[in-house]
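Me: I should like to go through this model by asking what justifies each description given to it. Please set each value against its criterion before drawing a conclusion.

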Amino acid sequence: MRETFSIILIFLGISFCIAQNGVINGKIIAEIPKEAELIAENTKVILEISGIEKSTVLDKNLNFSFRNLESDSIRIRTEPHSYLRNTIIIGFLKPDDTVELKIPYSLSCKYDQSKEIKTCPVCKKEDKVIPISYGLIIQRTKKGEEKKEKEYKSGGCMTTGCDPNWYCKRDEINF
C-alpha cells in the first residue's frame with residue numbers, strides 16, 4: 001500500500017512538472033479593412049518555442065489560438081509578412097499563463113491609398129494638410145528675405161517603404 005502510494009505521488013509529480021498549459025489567444029487587426037477576407041484566407045500564424053515551430057490558421061474573424069504551451073521564450077510571426085512588423089517576441093510564458101494579443105496587420109502599405117488624396121481622414125478638409133518630406137532637408141532663403149512658415153513636415157531620414165505622405169496640422173495626424 002505504501003509502495004503504491006509512493007508510485008502515485010511520483011507519477012503525479014512528474015506529470016505536474018511536464019504539464020504544458022500556457023495559452024496564447026490572438027486577433028489580427030486588419031489595418032486596411034477591405035483586406036480582412038484575404039488575410040483570413042491566406043495568413044498563418046507561426047509560433048516558435050524551444051526551437052520548434054507550430055503554426056495555425058486564422059478563423060473568419062481573424063482570431064487564432066495556441067494551447068498547451070510550455071514555459072519558455074516564445075516568438076510569433078505571420079506569413080505572408082505584414083508591412084507593419086513581422087515578429088513579436090513574447091518572452092517567457094509562465095505556467096498556466098494566458099496571453100491575449102492584438103496584432104495590427106496589413107498585406108499592402110496603408111499609406112499607398114493616400115498618395116494622391118490630400119484630404120484629412122479625421123476632419124475631411126485639405127486646408128491644414130501639408131506634405132511629409134523625408135531625408136536631409138536644407139531650407140535656403142535669400143539675404144534679407146523673411147523665412148516663410150514651414151510648408152512641410154519632416155518625416156526624418158529613415159524610411160521603411162511604408163511611410164505616411166501627408167500631415168494634418170489641425171488634427172496632428174500623419175496619413
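Reply: One criterion is needed at the outset: two residues are in contact when they have heavy atoms within 4.5 Å of each other. By that criterion Glu35 touches Ser106, Leu107 and Ser108, residues up to four places away in sequence being left aside. The model is a predicted one.

Me: What makes up the protein, and in which order do its elements follow one another?

Reply: Two helices and eleven strands make up the protein. Along the sequence they follow the pattern α-β-α-β-β-β-β-β-β-β-β-β-β. Of the 175 residues, 29% are buried. The accessible surface is about 12300 Å², with 53% of it belonging to carbon and sulfur atoms. Among contacts between residues at least 6 apart in sequence, 60% join residues at least 24 apart.

Me: Why is Glu35 said to have no salt bridge?

Reply: Glu35 lies in the loop between strand E1 (22-30) and helix H2 (36-42). A salt bridge requires a side-chain nitrogen of Lys or Arg within 4 Å of a carboxyl oxygen of Asp or Glu. The nearest side chain of opposite charge to Glu35 is that of Lys34, at 7.5 Å. The criterion is therefore not met, and Glu35 is buried without a salt bridge.

Me: What makes the link of Cys109 and Cys162 a disulfide?

Reply: A disulfide requires two cysteine sulfur atoms within 2.5 Å. The sulfur atoms of Cys109 and Cys162 are 2.2 Å apart, so the pair qualifies. A search of the whole structure finds one disulfide. The link of Cys109 and Cys162 has 90 degrees about the S-S bond and is right-handed. Cys109 is in the loop between strand E7 (98-105) and strand E8 (129-133), and Cys162 is in the loop between strand E9 (153-154) and strand E10 (166-168), so the pair ties together parts that are 53 residues apart in sequence.

Me: Why are Cys109 and Cys162 called buried?

Reply: Buried means under 20% relative accessible area. Cys109 has 3% and Cys162 has 10%, so both values satisfy the cut-off.

Me: How do you know that Cys120 is in no disulfide?

Reply: The nearest cysteine sulfur to that of Cys120 belongs to Cys168 and is 3.6 Å away. That distance is not within 2.5 Å, so the criterion fails. Cys120 is also buried, because its relative accessible area is 0%. Cys157, by contrast, counts as exposed: its relative accessibility is 60%, and exposed means over 50%.

Me: Is Asn165 buried or exposed, and why?

Reply: Asn165 has a relative accessible area of 19%, which is under 20%, so Asn165 counts as buried. Asn165 is found in the loop between E9 and E10. A polar atom of the Asn165 side chain is 2.9 Å from the backbone oxygen of Tyr111. Beyond four places in sequence, the residues in contact with Asn165 include Tyr111, Ser114, Ile130 and Phe175.

Me: What makes Asp127 and Arg170 a salt bridge?

Reply: Their side chains meet at 2.9 Å, N to O, which is within the 4 Å required, so the pair is a salt bridge. Asp127 lies in the loop between E7 and E8, and Arg170 in the loop between E10 and strand E11 (173-174), so the pair ties together parts that are 43 residues apart in sequence. Asp127 is exposed at 55%, whereas Arg170 is partly exposed at 36%. Salt bridges with shared partners also join Glu53, Arg77 and Glu79 into one network. Within that network, Arg77 and Glu79 meet at 3.5 Å, N to O.

Me: Why does the pair of Asp112 and Lys115 count as a salt bridge?

Reply: The closest N and O atoms of Asp112 and Lys115 are 3.9 Å apart, and this is within 4 Å, so the pair counts. The search of the whole structure finds five salt bridges. Both residues are partly exposed, because Asp112 has 42% and Lys115 has 47% relative accessibility.

Me: Why is Lys54 called partly exposed?

Reply: Partly exposed lies between the cut-offs of 20% and 50%, and Lys54 has 32%, so the term applies. Lys54 is in strand E3 (residues 52-57). Among the residues touching Lys54, beyond four places in sequence, are Val45, Ile49 and Phe66.

Note on methods
Residues are numbered from 1 along each chain as its sequence is written. This is a predicted model: local features need pLDDT of at least 70, side-chain atom pairs count only at pLDDT 80 or more; totals for chains, interfaces and linings use all residues. Side-chain values use heavy atoms; hydrogens and water are left out. Helices (H or I, at least four residues) and strands (E, at least two) are DSSP runs, numbered from the N terminus. Buried means under 20% relative accessible area, exposed over 50%, partly exposed in between (1.4 Å probe, protein chains only). Lys and Arg count as positive and Asp and Glu as negative; His and the chain ends are not counted. Accessible areas come from the Shrake-Rupley method with a 1.4 Å probe; for residues, only the protein chains shown count as cover. A polar contact is a pair of N or O atoms within 3.5 Å; within protein, one must be able to donate a hydrogen and the other to accept it, and residues adjacent in sequence count only if both atoms are side-chain atoms.
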